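Please open the model in your viewer, with the sequence alongside, and follow the stops below in order. Each stop suggests a selection and then describes what is found there.

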Amino acid sequence: MTPTHLPGRVAIPSLPEQARDTPGSPAPLEHFNTAPADEIRSTLLACLRSLRWATRVVTHRPYPNLESLLAASDEAAYDLTPGDLAEALSGETLPVLPEDAYGAAHMALGAAHAAYEARFGHQFAICLDGLPPEEASDHVLAGIRSRLTNDPEEERGVAAEELRRLARGRLARLLRGAENRATSRNAPAHGT
């Protein structure tokens, strides 16, 4: 920002250029609603790796607002078949532990995850939205341990709910991040 100096007045910073809307750039939801289906389907697969879910969300465009899109995402996630669930779970990975996590934490998490995969035959999925990073490893480990007591049918339901929450959070961050980038030409890329 460059202050504007006027004699006898306090310096007032001028509005930074990157905070102004870029003329002609569509709003993120507008782009989501109008972009080619294959482009949006590919974007959605980064949120949840189920082709059926992504196709269903794309098919029901346009969405009047983000809340409607998230509701459609939820509805499509609730309707995942066992095959869709397996497809989505195969694309998940464990959350990354903080760099300063002890080696014992890595070993404990690795062992718990191996036990989970052996019991249920798929990746462990958990949504950590809103959780402080320093609590992530404890939350993941506690989640795996408590869910190991589930029977396979019960765990499929829990895993499906975690996938729904993951997809919802990723989709919301993706569109909100796009909104932030649309107003800032110098904004860093936003990861989901």
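Among contacts in the protein between residues at least 6 apart in sequence, what percentage join residues at least 24 apart? In this predicted model, the figure is 63%.

**The whole chain.** Begin with a cartoon of the full protein, whose secondary structure comes to eight helices and two strands. Traced along the sequence, the elements follow the pattern β-β-α-α-α-α-α-α-α-α. If you then colour by accessibility, buried residues make up 35% of the 192 residues.

**Helix α2 and R41.** Select residues 37–45, which form helix α2, and show the side chains of I40, R41 and L44, which are buried. Viewed down the axis of α2, these buried residues fall within an arc of 105°, so they line one face of the helix. Stay with R41, a residue of α2, and note that R41 counts as buried because its relative accessible area is 18%, below the 20% cut-off. Setting aside residues up to four places away in sequence, R41 touches L51, A54, T55 and V58. A distance label drawn from R41 to R52, 11 residues further apart along the chain, should give a C-alpha separation of 9.8 Å.

**The pair α3 and α4.** Next select helix α3 (residues 51–59) together with helix α4 (residues 66–78), whose axes come within 9 Å and cross at roughly 145°. The crossing of α3 and α4 is right-handed. To display the contact itself, show W53, R56 and V57 from α3 with L69, A72, S73, E75, A76 and A77 from α4. By class, this contact of α3 with α4 has six nonpolar, one polar and two charged residues. Before leaving the pair, move to the loop between α3 and α4, where P62 has its place, and inspect the peptide bond that joins R61 and P62, which is cis with an omega of about 5°.

**R164 in helix α8.** Select residues 152–182, helix α8, and centre on R164 within that helix. Is R164 buried or exposed? R164 is buried, with a relative accessible area of 10%. Leaving out its neighbours within four places in sequence, R164 is in contact with D74, A77 and Y78. R164 and E75 are 89 residues apart in sequence, yet their C-alpha atoms are 8.9 Å apart in space.

**H122 in the loop before α7.** Now select H122, found in the loop between α6 (103–120) and α7. H122 is buried, with a relative accessible area of 14%. Which residues beyond four places in sequence is H122 in contact with? Showing side chains around H122 brings up L89, Y116, E117 and A159.

**Helix α7.** For the last stop, select residues 136–147, helix α7, which has 12 residues and reaches 16 Å from its first C-alpha to its last, close to the 16 Å expected at 1.5 Å a residue. Colour A136, S137, V140, L141, G143, I144 and R147, which are buried in α7. These residues cover an arc of only 160° around the axis, which puts them on the same side of α7. Turn the view to the face of α7 that points away from its buried side, and there you will find the exposed residues D138 and R145.

Terms used
Residues are numbered from 1 along each chain as its sequence is written. This is a predicted model: local features need pLDDT of at least 70, side-chain atom pairs count only at pLDDT 80 or more; totals for chains, interfaces and linings use all residues. Side-chain values use heavy atoms; hydrogens and water are left out. Axes are lines fitted to C-alpha atoms, for helices over the stretch in contact, and angles run from 0 to 180 degrees between N-to-C directions. Helices (H or I, at least four residues) and strands (E, at least two) are DSSP runs, numbered from the N terminus. A crossing is left-handed if the near helix is turned anticlockwise from the far one by less than a right angle, and right-handed if clockwise. Contact means heavy atoms within 4.5 Å. Ala, Val, Leu, Ile, Met, Phe, Trp, Tyr, Cys and Pro count as nonpolar, Asp, Glu, Lys and Arg as charged, and the others, Gly among them, as polar. Buried means under 20% relative accessible area, exposed over 50%, partly exposed in between (1.4 Å probe, protein chains only). The arc is that of the directions from the helix axis to the C-beta atoms. The expected span of a helix is 1.5 Å times one less than its number of residues.
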